[in-house]
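Me: I am new to this structure and would love a close look at a single part of it. Could you pick one pairing and walk me through its surroundings?

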Amino acid sequence: SLLFKCFTLLAKESRLSDNPPSLSLVKSIISAIDFTTNPSNDDLFYIGLKGILDATIKTGEESGKTVFGACDVASQIDLLTHKNIAIANVIINSMKEISVDDDRVCSAIRHQLGNLVSEKQLVEALEGALHTVKYKRYTIPNLKEYKEQFIQRILSTNSLQEDDGVVSDVNFDDIDSVINCFNQTAALNDGALFKFGLQELNNALDGGGRLGESIAVYALKHRYKTGFTLSLLDDIATKNEPVKRKENKKPLIVHLSCEDPIALNFKFLYEKAVCEEKGYVPDLRNVSAKEMASVVQERLKKTGFHVLFRHIKGNEWNYSKLVSYFNRLISQGYDIQAVTLDYLLKIPTTGFTAVTTGSDIIQFYDALRNYFLEKGILFITPFQLSPESYSVLRNDIGEEDFVKAVAGKGYMAGSKKIGEIADCELYVHSFTKSSRNEKQGYLAIQLDKHKGYVIDPTTKYMLYPFFGKGPVLSDVNKNPTHLKDLSEVQGVTDSSFDF
């Protein structure tokens, strides 16, 4: 079983360019395997397998990478013996199998083998200490100090494998690692960002959304959560060029919908396109599906992005399936630069434990945030505000001030601590007011937090008008259309509208 896992790990790692080879780990495992002094034919077969692994490790140590041709190794295994052909076939098939989950499989094997090495080291340390105390007590001048030193040694003992939970490290004894960290920070903070279609929102966010950031959008039910999320996706695709960071990779934007069918998403995007490009709200009853698809496709691809929409049954997905899906796209040659997910809490938190109410949601969101941070992907997902937040509206708070009143107060449905994970929090609320006997829709936006940036209080809040019965339109490269207060509009009275 151990030899099988070693072969599988090295074979899969040789195909994953992002993974350093686990040569030291495999070397520790096979050096611990011992056979009888008078080996049987079966043992001779396994000794032969060890020899192949030893040769692979030696070559890897000399070259700095795993040189592991599965076909060549398979031929060597075939030559060992025909008696163990069934076992040989299992190993050979495992080495040759290519899966979108190879990265996850390697991680699991490394943890299993690493735990075995740790256990072996611990047992050897305990046995050695016991032997010294029992039979060589005279070599220990101070038993209390010996005990403390032994405990520290045990606590500092780690397995030889790299920790797959680590996103990055900086060693301040290594100037290159410090410089690399600053280079990554510069990439995140300066060039590698996507501006959105609203000037004041970009001002509040110090330019826009960064690669690797997770943006949470909060709103009440039917108050423009999906519309705002789709607008941000449209802005990324139409107001920016792809970030050129990986040669021969296709820059990709992904939208996953757990609620609305893709056809409804396309209707919204088509309407936004016509409103912005032609200046009127289209009558969708008179637009064919072909025309709608053609306009949306041309618009979203015009700056060079590939765009992928997928409608999923959220209750049949989970964290593992999400990550496997994104990894599969990466293995197909895509460089995922932005993901919008509408919306996260429609997906079960399978694999995460609810120690306290909502803690599984926090773990789920945190795991996804770390994944997107590691991959350098901008991640945007909306969250629904809790029913308790409706009480704020009933407390004589004007609808235009609702986002100010709930921001940072933990009114999110599912868990009050979602905001602790998000890099950026945006509260949005759509409503209407009557002015001169005409109804006008507005979108109130409040920025509550943006990790790593000092927020200018004068830009945190903004109001944007809806374009008639259409969406909120972009004002980038135009005269600003935002308001800071409804007092800027004469004759406004209260009204309401379900967006």
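Reply: **A salt bridge between two helices**

Glu277 forms a salt bridge with Arg299, and their closest N and O atoms are 2.8 Å apart. Glu277 belongs to helix H11 and Arg299 to helix H12, so the pair ties together parts that are 22 residues apart in sequence. Please keep in mind that this is a predicted model.

The two partners sit in unlike surroundings: Glu277 has a relative accessible area of 48%, so it counts as partly exposed, while Arg299, at 6%, counts as buried. The pair also has company. Salt bridges with shared partners join Glu277 and Arg299 to Asp234, Asp235, Lys239, Lys272 and Glu276 in one network. As a general point, side chains of opposite charge can pair when their charged atoms come close.

Now let's follow Arg299 into its own helix. H12 covers residues 289-301, and at 1.5 Å a residue its 13 residues should span 18 Å; the end C-alpha atoms are indeed 18 Å apart, which agrees. Along with Arg299, the buried residues of H12 are Met292, Val296 and Leu300. They cover an arc of only 90° around the axis, which puts them on the same side of H12. In an α-helix there are 3.6 residues a turn, so residues three or four places apart point the same way. On the other side of H12 you will find Lys290 and Glu298, which are exposed.

What do the buried residues of H12 pack against? Their neighbours are helix H10 (225-239), helix H11 (262-278) and strand E5 (306-311). Helix H11 is thus a familiar name here, being the helix that holds Glu277.

Technical notes. Residues numbered from 1 in each chain as written. Predicted model: local features only at pLDDT ≥ 70, side-chain atom pairs only at ≥ 80, totals over all residues. Heavy atoms only, no water. Helix = DSSP H or I, 4+ residues; strand = E, 2+ residues; numbered from the N terminus. Expected span 1.5 Å × (residues − 1). Buried < 20%, exposed > 50% of the residue type's maximum accessible area, 1.4 Å probe, protein only. Arc of directions from axis to C-beta. Contact = heavy atoms within 4.5 Å. Salt bridge = Lys/Arg side-chain N within 4 Å of Asp/Glu carboxyl O.
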